[in-house]
Structure formats: structure tokens, C-alpha cells
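Student: Could you take me through one part of this protein slowly? I'd like a close look at the sheet and whatever packs on it.

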Amino acid sequence: YEDEIDLRKLFDAIWDGKWIIVASATILSIIAVLISISLPNVYKSEALLSPVVSEAVPSGAIRDVGGIASLAGINLQTQPAGNSTKALKKLRTLSFYEDNILPNIFLPDLMALDSWDSKNNKIIYDKNVFNSDTQTWNKIPSPQKSYKYFMRVLEFSRDYDTSFITISVRHQSPYIAQEWTNLIVNQLNDFFRTNDKREAQAAMDFLNTQMAQTSYTEIKHVIAQLLQNRMQQLTLIEANDFYVFSYLDPPKVMEEKIEPNRKSISILGAVLGGLLGILIVIIREFLSKKDST
């Protein structure tokens, strides 16, 4: 019976050491409050998007000359429905960040941020990283390093039931969070618009070449239909600002912070302090019994 735990004695020991527990909970709670106060506010700007679906090339025309186009390596099928899926994959890539995001943001806002002055809407930079007076870096961060930082503030998800997509950015400045969220959506639309425009133009050049080389009236008729379809596609590409995604709810400058949750941090500190106090009391009781034996 020497290894049995007497719960009554254990509760008595905890009750006798209640002031230790209260003191521990109070101290850690105060520390948690101080830590939470020192943490900067972070805001999140979120965009709710809907994939844009355009019309595809008529299947009959594709079936007639699909073999000719495939020999030239040209895909005459448009893939508007798949662009949204490809866009989310592209968003994760280093190449998209280097070519489309990095040239359009002020890098110190990402890599040298110290705090945000809400009264003057001004970013304060870490002088050990970036000198705002001379606009010089102590050491310019590489694209791969800044890419990792950008991925930490970027969030995106897809609702597979509705196909709606959410893209959001977290930042100490709610204005920059909104600006970068808008930038991401615009750059995704521009990237795939440019690619599809280039492919459509290449298809038209190929079809014009085939039109000039063939003497068969039937083939010329089919090629003319495809050229008309490609011209319509180019018109839609140029006319539609939202080529891959359209806004259901555009990003906004949020007034309420997303983190830190100072109340939760304070409560967690008090709970951990209470548990630490109980542990100290139990260890003290165990050592006192060991000394008495």
C-alpha cells in the first residue's frame, strides 16, 4: 500500500498550498497580459471569388480539324473551367511570386516591418533591416526568402460544394492587406488572360496558314468557323476584366483585428499558472514526505 495515492491528503495538500497556486496563477496571468499587449495587431483582408466560366469552341468544328491542329501542337479547346484550379496551383509557385507579386509590392512592407502607425497610416520599419530615410537595405533579402514570408501571410481555400474560392492576406496594416489581396486576384486574372490570348493568337496564325495552303472548300469552311470562334474568344479576353475569378465579395480595409486574442492569452496564462502552482504544491508535499521517512 506504500504506492497508493491518498486523494484526501492530496486535496488537503493542495488546499494548504492554495496561496502558492493563486500567486503562480496571478504571476503568469500578468506575464501573459504583458506579452499580449506587446504583440502587434494583425488585420486580415479577405476576398470571396467565383470562377469565371466562358464558352468553349463548338465540338463539331473541333472534331473536323482537331487532328490538323494537334499536329502543330495547338490546343483548339478552351479550358475556362480549369483555369481556376490551375490558378490556385500557380498561386503557390515561386515563379508566380517572382514574376507577378514581387515587382508589384514594396518589399520592406513584407520583410522589414516593425509596426504600423494607425493614426497616420504609416509603416514603421526595422532600422536593422531597412533604412527608410535612405531607402537602403542592410542586406537585400533573396526572392526565395521573401517568398517564404509571403506564403505565411497568404491564405486561400476552395469550397468544393459551391466552387467558391477565398483568398486573404494578413498584415499589421489593414490597407496593405487589402492592397495585396486585390493584387493577387488581378495578377491571376492577367496571367491567364495573357496566356490564353497568346495561345488563341497562335491558333489563329496556324489556321490562317492552313487556310492559305489548302484548296479544299470544305476544309476552308471549317477553318473559317474556327477562326471566327477564335476571334470571339479574343474579344472576350480583351473585354472581360475578371477572366479567371470574379468578386462575390471584394477585399475591404478591416477595422477589427484578427489577432492577437489578448483575452484568450490572459486566460491561458492564468490556467497555466494555476497548473504550475498545483504541480509545485504536489512536488513540495512529495519531498516533505520523503524527508520525513
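Tutor: Here's the sheet, then its helices, then a patch on the surface. Keep in mind that this is a predicted model, where local features need pLDDT of at least 70, side-chain atom pairs count only at pLDDT 80 or more, and totals for chains, interfaces and linings use all residues. Residues are numbered from 1 along each chain as its sequence is written, and side-chain values use heavy atoms, leaving out hydrogens and water.

The sheet is open and has 4 strands, ordered S6-S7-S1-S8 with antiparallel pairing (strands are DSSP E runs of at least two residues, helices H or I runs of at least four, both numbered from the N terminus; strands pair if DSSP finds at least two bridges between them). S6 (154-158) and S8 (245-249) sit at the edges with a single partner strand each, so one side of each has no neighbour in the sheet. On average, neighbouring strands are turned by 30 degrees against each other, direction ignored (axes are lines fitted to C-alpha atoms, for helices over the stretch in contact; angles run from 0 to 180 degrees between N-to-C directions).

Zoom in on S1 (residues 43-51) and S7 (residues 165-171): 7 bridges join this antiparallel pair, and Tyr-43 stands opposite His-171 in S7.

Now the helices. H7 (residues 143-153) packs on the sheet, touching S6 and S7, at about 55 degrees to S6; contact means heavy atoms within 4.5 Å. H8 (residues 174-213) lies across S1, S6, S7 and S8, running at about 140 degrees to S7.

Last stop: Ile-280, in helix H10 (residues 262-292). At 39% relative accessibility, Ile-280 counts as partly exposed (buried is under 20%, exposed over 50%, partly exposed in between, with a 1.4 Å probe and protein chains only).
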